[in-house]
Structure formats: C-alpha cells, structure tokens
Amino acid sequence: MPVYQYILRRLVLTIPLLIGITLIAFVISHAVPADPVTANLGQKAMSDPEIVAAFRAEWGLDDPLAVQYGRYLGNLVQGDMGRSIKTRRAVLEDLRAYLPATIELATAAILFGVTVGLIFGVLSALKRNSWLDHIVRVISLLGVSVPVFWLALLALYIFYAWLGVAAGPGRLDVGMTPPPHATGLYTVDALLAGQWNVFFNALWHLALPALVLGSFTTGVITRVTRSAMLDVLSQEYMRTAHAKGLAPRVVITQHALRNALIPIVTVIGFSYGNLLAGTVLTESIFAWPGIGQYAYRASTSLDFPAIMGVSLLIAIIFIAVNLVADVLYFSLDPRLRAQA
Amino acid sequence: MSAVSTASPRPSTVGAPVRLQKSAAATTWSFLRANPLALIGVTLVIFWVVVSLTAPWLVPFSPTQQSIPDRLQPPSAAHWFGTDQLGRDVFSRVLYGGRLSLPAGIAVIVIAGIVGTIVGALAGYIGGWFDEVLMRVTEVFIAFPTIILAMAIAAALGPSLINAILAMVVVWWPNYARVVRALVLSVKSRDFVEASAAIGTRRTRILWRTVLPNCLAPAIVLATIDLGNAILIFAGLSFLGLGPPPNTPEWGRMIADGIEYFDQWWIAAFPGLAIFTVVMAFNFIGDAIRDALDPRLRKTL
C-alpha cells in the first residue's frame with residue numbers, strides 16, 4: 001500500500017475518534033453536578049433570580065443537552081469553540097494567544113528528551129550490564145519518578161535563586177520587548193528579526209523549564225531506546241554485518257539504530273502529547289504564559305467552554321502527532337507496507 | 001504499555017522454572033537479592049507503609065494545628081522540617097501525607113482494574129461488534145493525555161478526595177480493558193478452554209472460571225507497575241487544587257502552598273521528597289518485575 005493511501009485511511013479513522021473526544025469533553029462539562037452558574041456568579045448575584053436567569057439564557061444553559069451538544073459541534077466545525085466565561089473572549093482566540101508559548105516549551109523539551117534519551121539508550125545497550133548501563137538505568141527510573149511540579153520549584157530554587165545561573169520565571173527578562181510577532185515562538189521570531197540579544201535571552205529563559213519538563217520523557221525514551229537496541233543487536237543480521245567486515249560505527253548507526261528507531265518513533269509521538277499535558281503542572285511555576293496556565297485557571301473557575309477548548313486542543317494535537325508518528329513508522333518499516 | 005526493558009542485568013530467578021520445593025518467600029528473597037534496586041524499592045515501600053500506619057504516634061505535632069507565631073520557621077530541633085505559612089509542622093504533615101496518597105493510589109488501581117477487567121474480558125470473549133465498539137470507546141479515552149482528562153473531570157465534579165479518585169478511575173480503566181482483552185484473546189484459543197467447551201460447559205462459566213483466572217496474574221503485575229504512576233498523577237491533581245480540601249495534610253497540596261512562599265524552600269521540598277521516594281520505590285520494583293517477566297508477557301504489558 002502506498003503511503004498516501006495509508007494516510008488517507010488513517011485520516012478517515014480519525015473522524016470517529018474526534019467525534020468521541022468532543023462528546024466526552026461535552027459530557028464532562030455539561031452532564032455533571034458542577035453548576036457553571038454558581039462557579040461564575042458571586043454570592044450576591046446568585047440570590048437575584050433575574051441575573052441567574054439572564055446568565056443561563058445568555059449561555060444557552062436551559063436548552064436540552066442534545067441541543068447544546070449539537071450547537072457546540074456546529075460551531076466547532078466553523079472554528080467557534082465558544083466564549084470563555086472568565087475572560088469573555090472567544091476560546092479559540094485565547095488558545096491562539098497562549099498556544100505558541102506552550103509549543104515552544106514542549107518542543108524544546110522533546111528535543112532535549114530525544115537527544116539525551118537516544119544517546120543514553122544506545123550507550124546503555126552497547127555497554128550492557130556495565131556500570132554505565134546501571135547508572136543510566138537508575139537515572140532514567142528517577143526521571144520517571146520525580147513529580148515534575150516539585151522538580152520545577154527545586155530547579156528554580158537551586159539554579160535561579162541560589163546559584164544564579166538560570167533565568168528567572170517568564171519568557172524574557174523583565175523590560176525586554178518581545179520580538180516582532182511571526183510564529184509566536186520567541187526564539188524563532190527573534191532569529192527571523194535578527195535580534196540576537198533577544199534570541200539568547202529567550203533561549204536562556206527556555207532552558208530550565210524545558211529541562212524540567214523533559215525529565216520524564218528523557219527517562220521513557222532512554223528505556224525504550226535501550227530495549228529496542230538490545231532487540232536489534234541480538235538479531236542474526238547484526239552478526240552478518242560484523243562478519244562481512246563493516247566498521248562497528250556503521251553497523252551501529254546504519255544497521256542497528258535505524259531498525260531500533262521504529263518503536264522509538266511511536267514513543268516519541270506519544271511523549272509529545274504527554275509533554276503538552278505536563279505543561280499544566282509546570283507552567284504556573286515558571287510563570288510561562290501557555291495553555292497550561294490557561295487550563296489551570298479555567299478548571300478552578302469551572303469555565304466550561306475554556307476547559308473543553310483546552311482538552312480538545314490537546315487531544316487533537318495528541319492525535320495529530322500520533323498520526324504523524326504512525327505514518328513515519330509505516331514509511332520506515334517496509335514490512336508493514338508489504339503486509340498492508 | 002509496551003516492552004520498556006528487554007534484558008535483565010543479572011540472571012533472575014522468576015523467569016526461570018522454579019523448583020517446586022521452593023517456597024514463595026524463598027523465591028521472593030532470591031529475586032530481591034538478585035535485584036538490588038527492587039530491594040531498595042521494597043524497603044522504601046515497607047518504610048512508608050509503616051510510617052503511614054503509625055503516623056498518629058510518631059508525629060510531634062498535630063498535622064492540622066495552626067500556630068501563627070511559629071509560622072515560616074526554618075528546620076530546627078523542634079520542627080525538623082520547619083513550619084509552613086500557618087505555623088503547621090511540616091514534618092508531621094509529611095508523615096501524615098502517606099495516609100492519603102497510598103490508599104488513594106491503591107483505590108484508583110483496584111477500582112479501575114476491576115472495571116477494566118470486566119469490560120476487557122467481555123470484549124475479548126464475546127468479540128464481534130461488541131468488542132469493536134468497546135475498543136473504539138477505550139481509544140477515545142486514551143486519546144486524552146491522562147492528567148488533562150482527569151483535570152477536566154475533577155474540576156467538573158468539584159474538588160474533593162473522592163472526586164479526584166473517581167476522575168482517575170475514569171481515565172485509567174481503558175488501559176486495563178485493553179490489556180485484559182489481549183490476554184483473554186490469547187487464552188481463549190488455548191486447548192484447555194476448547195476442552196472445557198467440548199464437555200459442554202456454559203460460556204459464562206468458561207469465561208469467569210477458566211479464561212479469566214489465567215489472565216489475572218499478568219493484570220496484577222501491570223497494576224503493581226502502575227501504582228507509582230497513579231500516586232504521581234494523584235499528587236498532580238492535588239497540586240492543582242483538585243484533591244482534598246486545603247487544610248488536609250496532602251503532599252501535592254503542600255507543594256502548591258510552597259510556591260507562594262518561594263524563599264521558604266522547606267515547605268515544598270520535603271513533601272516533594274516524600275512523593276519522589278514513594279513513586280521511585282514502586283518504579284524500582286516494577287522495573288525489576290518487568291525485567292524478570294516471561295518475554296511473551298512483556299510484549300502484552
């Protein structure tokens with residue numbers, strides 16, 4: 001099966017998944033005891049039935065759930081995710097404003113996780129049962145055990161407040177003007193505008209949160225890389241490659257790692273979605289103005305349209321990234337293409 | 001959960017055929033001797049279980065007693081881990097924290113495990129469109145990153161201990177459903193199941209008495225491996241203010257308190273260390289178990 005046909009089939013299969021996701025997001029926010037009226041009107045306003053009725057009418061809370069869902073879906077197809085009860089702006093507009101900061105952070109974290117995880121994992125598999133392997137094993141287990149919000153605080157305390165080597169909270173130093181808006185990613189925008197001082201400042205601010213956020217992913221990728229490499233290294237074609245006199249470096253990079261990459265790609269796709277979710281726990285600590293902070297504030301004020309918007313957005317990105325990973329997997333593995 | 005590790009660093013005893021005379025205790029002991037990390041893990045788990053059970057007799061102060069004149073004190077002989085913004089003793093609160101986090105994590109895993117086992121077993125055993133529908137449903141749940149879905153549910157239900165557990169169960173059961181379904185599918189075609197059908201046993205009886213018991217061991221192993229993760233997510237929900245109410249000594253919430261008092265590092269540092277050691281203990285044990293598993297099983301988990 002050619003790749004484009006595979007992509008098409010996967011896209012079609014994604015549609016019921018997307019409908020299911022909107023349904024779950026909708027049910028959670030509408031069919032549960034929590035009342036958006038109590039959450040968003042003060043005590044005083046609550047005692048006035050007219051204000052309550054006006055609020056319910058304004059947000060269409062009196063219609064049957066099926067009608068509300070239908071309206072929600074109809075709007076969604078047109079790119080309308082509703083209006084945030086708290087910020088009173090369109091949810092899509094809010095998300096568009098907050099998303100770039102999160103994408104920048106999550107991407108930096110995955111780059112860190114993949115680089116370190118691949119190196120550690122490959123070395124660990126090659127030097128199996130050596131002291132290096134054991135140390136890497138312990139480090140990666142610690143990485144998946146540490147609460148990320150605690151690590152964030154600790155890192156800020158040690159590297160910012162105590163040692164003074166890391167940048168403080170926020171995306172840039174106080175008083176520095178953000179680069180002209182192009183992508184919303186400060187590092188990229190600064191490069192595009194040729195503002196080197198802004199670029200290095202943004203990078204400096206990005207480093208610590210990305211390292212903290214990437215700790216869990218690094219642990220996961222290290223473990224998967226090690227196990228995938230060990231699987232491949234025990235194959236007979238590895239012995240053949242060595243026997244025909246190839247340089248060890250070629251055998252490892254061309255024969256072993258390339259084949260080991262297949263399961264790793266899937267895990268990377270999966271990890272990226274989890275990183276987006278992890279930002280909810282770290283962004284508040286680093287005062288990082290992304291969807292994580294937005295989601296947290298939305299949850300505590302039961303701002304339903306906003307909660308649904310964030311959950312949907314993250315789920316959609318999660319599906320999209322996994323789709324890309326699957327397509328990559330499909331094109332990397334000729335056996336799959338032959339089977340299908 | 002796919003194979004995270006394929007090789008054990010040392011020859012382990014569990015995967016190999018165990019001699020019949022060997023007692024369970026002896027097997028466990030030789031397993032732990034061969035896996036120092038697992039030994040550390042088990043020791044830490046025992047430590048936290050004992051501390052949690054005996055906390056009321058161990059703590060020097062009540063974990064909820066406020067004392068404004070003593071607020072924000074650094075660690076000292078009187079207050080080993082210092083005091084927080086309301087003058088509560090951090091050491092006492094950390095010791096009490098395990099009384100919430102451990103049972104909460106176990107509750108999530110047990111309830112989600114039971115729901116997931118029932119759904120997965122029915123899906124795998126009945127098959128057909130029933131299986132198809134249930135598996136599509138689990139896919140939708142899995143498409144949400146865990147903490148996001150749990151956060152949305154917990155926020156909608158209202159912040160409380162029970163609701164946080166409930167939210168996590170809703171997020172967690174599909175994982176077990178998928179694993180148990182896969183196990184049931186592989187057991188279903190085994191000879192002894194067909195033999196049972198051949199002698200005329202009713203289908204429901206075959207499922208509950210013949211197929212399911214053969215799937216339980218791996219499901220329980222998966223649950224053990226997952227426990228650390230459940231405790232981590234629970235702490236995350238509490239940290240976001242979606243767990244037990246403010247005055248409760250809960251580790252995640254204590255860390256949230258510490259954000260506002262950044263210079264008083266001890267408020268957040270010690271409860272975080274508690275979460276870290278507990279989760280690490282379960283991950284050490286889980287990693288060793290995974291290593292020792294039969295390779296075929298390892299693929300399923």
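A residue counts as buried under 20% relative accessible area, as exposed over 50%, and as partly exposed in between. The legends below apply these terms to a predicted model.

**Figure 1. Ala90(A) in a loop of chain A.** With a relative accessible area of 21%, Ala90(A) is partly exposed, because this value falls between the cut-offs of 20% and 50%. The residue belongs to the loop that links helix 5 (65-77) to helix 6 (91-126) of chain A. Leaving aside residues up to four places away in sequence, Ala90(A) is in contact with Gly82(A) and Arg83(A). The view also takes in Pro305(A), which is 215 residues from Ala90(A) in sequence but 9.1 Å from Ala90(A) in space, C-alpha to C-alpha.

**Figure 2. Two loop residues with positive phi, Asn129(A) and Leu72(B).** Most residues other than glycine have a negative phi. In Asn129(A), by contrast, phi is positive, near 70 degrees. Asn129(A) is placed in the loop between helix 6 and helix 7 (131-143) of chain A. Its relative accessibility is 34%, so Asn129(A) is classed as partly exposed. The second panel turns to chain B, where Leu72(B) has a positive phi near 55 degrees. Leu72(B) is part of the loop that runs between helix 2 (36-58) and helix 3 (90-126) of chain B.

**Figure 3. Overview of chain B, a chain of twelve helices and zero strands.** The C-alpha trace of chain B spans about 80 × 50 × 30 Å along its principal axes. Of the 301 residues in chain B, 57% are buried. When contacts in chain B between residues at least 6 apart in sequence are considered, 71% of them join residues at least 24 apart.

**Figure 4. The largest nonpolar core and the surroundings of Trp172(B).** This core has 160 residues, and the members that touch the most other members are Val94(B), Trp172(B) and Val211(B). Helix 11 (residues 266-292) of chain B supplies the largest share of the core, 17 residues. Apart from this core lies another one of 14 residues, including Val122(A), Val232(A), Ala241(A) and Ala256(A). A second panel shows the contacts of Trp172(B), not counting residues up to four places away in sequence; among them are Val108(B), Ile109(B), Ala112(B) and Thr146(B). Trp172(B) also touches Asp226(B), Asn229(B), Ala230(B) and Ile233(B).

**Figure 5. Ser52(B) in helix 2 of chain B.** Ser52(B) is buried, because its relative accessibility is 6%. Beyond residues up to four places away in sequence, the residues touched by Ser52(B) are Leu95(B), Gly98(B), Arg99(B) and Leu102(B).

**Figure 6. Aromatic pairs within chain B and between the chains.** Over all chains, the count of aromatic pairs comes to 19. One of them joins Phe149(A) and Phe239(B), which are stacked at 4.3 Å centre to centre with 25 degrees between the planes. This pair crosses between chains: Phe149(A) is in helix 8 (residues 148-162) of chain A, and Phe239(B) is in helix 9 (residues 213-239) of chain B. Both Phe149(A) and Phe239(B) are buried. A further panel presents Phe47(B) and Trp48(B), an edge-to-face pair with 5.3 Å from centre to centre and 75 degrees between the planes. Phe47(B) is partly exposed, with a relative accessible area of 45%, whereas Trp48(B) is buried at 7% relative accessibility. The last panel shows one aromatic cluster, formed by Trp80(B), Phe81(B), Phe91(B), Trp265(B), Trp266(B) and Phe270(B).

**Figure 7. The second largest cavity and its lining.** The structure contains two cavities of 30 Å³ or more, and the second largest holds about 40 Å³ of space. Ten residues line this second largest cavity, and those closest to its centre are Ala295(A), Ile307(A), Val310(A), Ser311(A) and Met151(B). Two or more lining residues each come from helix 13 (291-300) and helix 14 (304-332) of chain A and from helix 5 (146-157) of chain B. Helix 14 of chain A contributes the most to the lining, with four residues. By class, eight residues of the lining are nonpolar, two are polar and none is charged.

Definitions and conventions: Residues are numbered from 1 along each chain as its sequence is written. Chains are lettered from A and ligands numbered from 1 in the order in which they are written. This is a predicted model: local features need pLDDT of at least 70, side-chain atom pairs count only at pLDDT 80 or more; totals for chains, interfaces and linings use all residues. Side-chain values use heavy atoms; hydrogens and water are left out. Buried means under 20% relative accessible area, exposed over 50%, partly exposed in between (1.4 Å probe, protein chains only). Contact means heavy atoms within 4.5 Å. A nonpolar core is a set of buried Ala, Val, Leu, Ile, Met, Phe, Trp, Tyr and Cys residues joined through side-chain atoms within 4.5 Å. On a 1 Å grid over the protein atoms alone, a cavity is a set of points where a 1.4 Å probe fits but cannot get out, and a pocket is an open set with protein on both sides within 12 Å along at least five of seven lines; lining residues have an atom within 4 Å of a point. Grid points are joined across faces, edges and corners, and a volume is the space filled by probe spheres set on the points. Ala, Val, Leu, Ile, Met, Phe, Trp, Tyr, Cys and Pro count as nonpolar, Asp, Glu, Lys and Arg as charged, and the others, Gly among them, as polar. Rings of Phe, Tyr and Trp (its six-membered ring) pair if their centres lie within 6.5 Å; planes under 30 degrees apart count as stacked, over 60 as edge-to-face and the rest as tilted.
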